[in-house]
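Visitor: I would like a close look at a single part of this structure. Please take one element and follow its connections outward.

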Amino acid sequence: TLESVKKTYPKGTLSKLGTQDIYKQLKPSSDIKQRMFFFAANKLVTVSVTLNPDYVKKTGIEKLLAKQKKLYGEGVVDRTGAPHMVTHIWQDQSSRFTFAYAPKQPEMTVLMYEKK
């Protein structure tokens, strides 16, 4: 629920987009630039985490991607959504996990978990 996320991840702001509630944390850690939680009917449906560009530069996209592949397997690469972005997708019947990045723009490195 929204209340449980706010309790677990304090110091965020709440807004609304259409029928969804969005809870956003800015700079929750040195590695994370922004964390956003999307709710429909008070149920969590999506979590988006934008990594801190300094963390991405220091760690390297290759190591960040290798970590995701170790957790989820090879996945599928999709470049159709935005040509400057590389998107790796892992999904099953109930969820979808995306790791997206722009090779020359570390500020655009995002992890997204979505419930189908």
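Guide: What follows is a walk around one strand and its surroundings. The model is a predicted one.

The part is strand 7, residues 95-102. Start with the sheet that holds strand 7. The sheet is open and has eight strands, in the order 1-2-3-4-8-7-6-5. Pairing in this sheet is antiparallel. In that order, strand 7 sits between strand 8 and strand 6. The edges are strand 1 (13-17) and strand 5 (76-78), and each of these pairs on one side only. On average, neighbouring strands of the sheet are turned by 20 degrees against each other, direction ignored. Strands of a sheet pair through backbone hydrogen bonds, either parallel or antiparallel.

Is strand 7 enclosed or open to solvent? Six of its eight residues are buried, so strand 7 is largely enclosed by the rest of the structure. Buried here means under 20% relative accessible area.

Take the strand 6 side. Strand 6 covers residues 86-91. Six bridges link strand 6 and strand 7, in the antiparallel sense. The two strands form a hairpin, with three residues between them. Within this pairing, W90 faces F97 of strand 7 as its opposite residue.

Now the strand 8 side. Strand 8 runs over residues 105-115. Seven antiparallel bridges hold strand 7 and strand 8 as a pair. Here too there is a hairpin, and two residues make the connection. A102 stands opposite Q105 of strand 8.

Side chains add a link on this side. Side chains of opposite charge can pair when their charged atoms come close. R96 and E114 form a salt bridge, and their closest N and O atoms are 3.6 Å apart. R96 belongs to strand 7 and E114 to strand 8, so the pair ties together parts that are 18 residues apart in sequence. R96 is partly exposed, at 27% relative accessible area. E114 is also partly exposed, with a relative accessible area of 27%.

What lies across strand 7? Helix 3 does, and it also lies across strand 4 (43-51), strand 6 and strand 8. Helix 3 runs at about 165 degrees to strand 7. The helix spans residues 61-72 and includes L71. L71 is exposed, with 55% relative accessible area. Together with Y72 and Y113, L71 makes a nonpolar surface patch of about 300 Å².

For contrast, go to the edge at strand 1. Strand 1 is joined to strand 2 (residues 20-26) by five bridges, and the two run antiparallel. T13 stands opposite K24 of strand 2. A salt bridge also occurs in this region: the side chains of K16 and D21 meet at 3.1 Å, N to O. K16 counts as exposed, at 57% relative accessibility.

The salt bridges come to four in total. One of them pairs K6 with E3, with the closest N and O atoms 3.9 Å apart. Both residues lie in helix 1 (residues 2-8), three residues apart, about one turn of the helix. E3 is exposed, at 53% relative accessible area. K6 is partly exposed, at 29%.

Back to strand 7, then. It pairs with strand 6 over six bridges and with strand 8 over seven. Helix 3 lies across it.

Terms used. Residues are numbered from 1 along each chain as its sequence is written. This is a predicted model: local features need pLDDT of at least 70, side-chain atom pairs count only at pLDDT 80 or more; totals for chains, interfaces and linings use all residues. Side-chain values use heavy atoms; hydrogens and water are left out. Patches are made of residues with over 30% relative accessible area and no salt bridge: like charges are joined within 9 Å, nonpolar side chains (Val, Leu, Ile, Met, Phe, Trp, Tyr) within 5 Å. Accessible areas come from the Shrake-Rupley method with a 1.4 Å probe; for residues, only the protein chains shown count as cover. Helices (H or I, at least four residues) and strands (E, at least two) are DSSP runs, numbered from the N terminus. Buried means under 20% relative accessible area, exposed over 50%, partly exposed in between (1.4 Å probe, protein chains only). Two strands pair if DSSP finds at least two bridges between them. Axes are lines fitted to C-alpha atoms, for helices over the stretch in contact, and angles run from 0 to 180 degrees between N-to-C directions. Contact means heavy atoms within 4.5 Å.
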